[in-house]
Amino acid sequence: MMNIRQIRAFHATIISGSVTGAADTLGLTQPAVSKLLQNLEHSVGYKLFERLKGRINPTPEARFLFHEVDDMLRQMDRLDGLFNSTRQHQHRKIQIGSLSGPANFLLPEILGKIAQSDAKFGVNLYTHNSNIICDWISRQTLDIGLIDIHSASPSYNSITIPLSYYCAIPADDPLASRPHLTPKDLDGRTFISLNKRHQSFVKIDKAFKDEDATYNVAHEIHVHLPAISMVRARMGYAFIDTINAWSYEKHLNQSDISFIPFLPFTYEDMAIITPTLRPLSKPVLDLVKVIKSAIEEIEQQYQSKKHSSG
């Protein structure tokens, strides 16, 4: 029968890409890890790794199992932390999952202020896509999730906050002097966009079609910040939400990109989600309020700044 040591060896081998790396991670010898993997394969009855020319590669079955194993070990580590903190009479760390946009600058700024005033405050911050975060919240693995794509679920509550879109263009572009931009202004120009299933593409594409203009997407990305770098490289324009535009200007201290208001007003829905199947602690509820207030304040102030400057 398989055991936890075998499962941890399996997980560490895939993460590190080698038995040697797994041995270093687990504090074991290489032969000990190899033996654990052999015993695990014997227990399940099929190969989990192909060994070719000194390299070890996960089989398709191993890759399929890895995500479930990863989730299980993550929850075990969290449970271990809960037992330890309870024994030591410490506050439990708040588990947060977030998109990269808020996680890069907004959340550290919020969390830093709290940590300065509360020495016992602690978090685990995970960065992932919305689907994974929703799944973790549904499994009660996280306390708070910040996402941009979700559907109603009995497994979590959600607070939706609309964020304005801005057109990111090089600061020396002739259009950078405009107070706002419309689909007609941007008709046929080259764009960088999130994939065509994302709400940003769907909403902006509709805004263009409503004005008989062409939203010409030549390049696709999966998060906003690389899109801004691609605008800097003059690969095209990009529509960026308030949080990412604010982050770029404030925390990266960059002025080479202009973020121009887009008309008609188009919004991306950001959501703060929390699990419904267990009660939330007061620190979690308080943090949700602080995050919501901070996002709403940034949206209001950034929108006011951009429209007044126009």
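I240 touches S164, Y165, Y166, A168, H224, A227, I228, A245 and F259, when residues up to four places away in sequence are not counted; contact here means heavy atoms within 4.5 Å. I240 also belongs to the largest nonpolar core, which has 38 residues. Such a core is a set of buried Ala, Val, Leu, Ile, Met, Phe, Trp, Tyr and Cys residues joined through side-chain atoms within 4.5 Å. Buried means under 20% relative accessible area, exposed over 50%, and partly exposed in between, with a 1.4 Å probe and protein chains only. The residues with the most contacts inside this core are I144, I240, F259, L287, I291 and I295. Helix α10 (residues 282-309) gives the most to the core, with eight residues. A second, separate core of 19 residues includes I14, V19, L48 and F66. In soluble globular proteins, nonpolar side chains tend to be buried together.

The model is predicted: local features need pLDDT of at least 70 and side-chain atom pairs count only at pLDDT 80 or more, while totals for chains, interfaces and linings use all residues. Residues are numbered from 1 along each chain as its sequence is written, and side-chain values use heavy atoms, with hydrogens and water left out.

The protein as a whole has 10 helices and 11 strands; these are DSSP runs numbered from the N terminus, helices being H or I of at least four residues and strands E of at least two. Its C-alpha atoms fill a box of roughly 65 × 50 × 35 Å along the principal axes. Of the 310 residues, 44% are buried. Among contacts between residues at least 6 apart in sequence, 73% join residues at least 24 apart.

Aromatic rings offer an example of such links. Rings of Phe, Tyr and Trp (its six-membered ring) pair if their centres lie within 6.5 Å, and planes under 30 degrees apart count as stacked, over 60 as edge-to-face and the rest as tilted. By this rule there are 14 aromatic pairs. The ring centres of F191 and Y215 are 5.2 Å apart and the planes stand at 65 degrees, so this pair is edge-to-face. F191 lies in strand β7 (residues 190-194) and Y215 in the loop between α7 (199-210) and β8 (216-221), so the pair ties together parts that are 24 residues apart in sequence. Both F191 and Y215 are buried. They belong to one aromatic cluster with F201, F208, Y237, F239 and F262.

Y215 also helps to line the largest cavity, as do F201 and F239. On a 1 Å grid over the protein atoms alone, a cavity is a set of points where a 1.4 Å probe fits but cannot get out, whereas a pocket is an open set with protein on both sides within 12 Å along at least five of seven lines; lining residues have an atom within 4 Å of a point. Grid points are joined across faces, edges and corners, and a volume is the space filled by probe spheres set on the points. The structure holds two cavities of 30 Å³ or more, and the largest contains about 50 Å³ of space.

The largest pocket holds about 470 Å³. Of its 23 lining residues, L99, N129, D148, H198 and H222 are the closest to its centre. The largest share of the lining, three residues, comes from α5.
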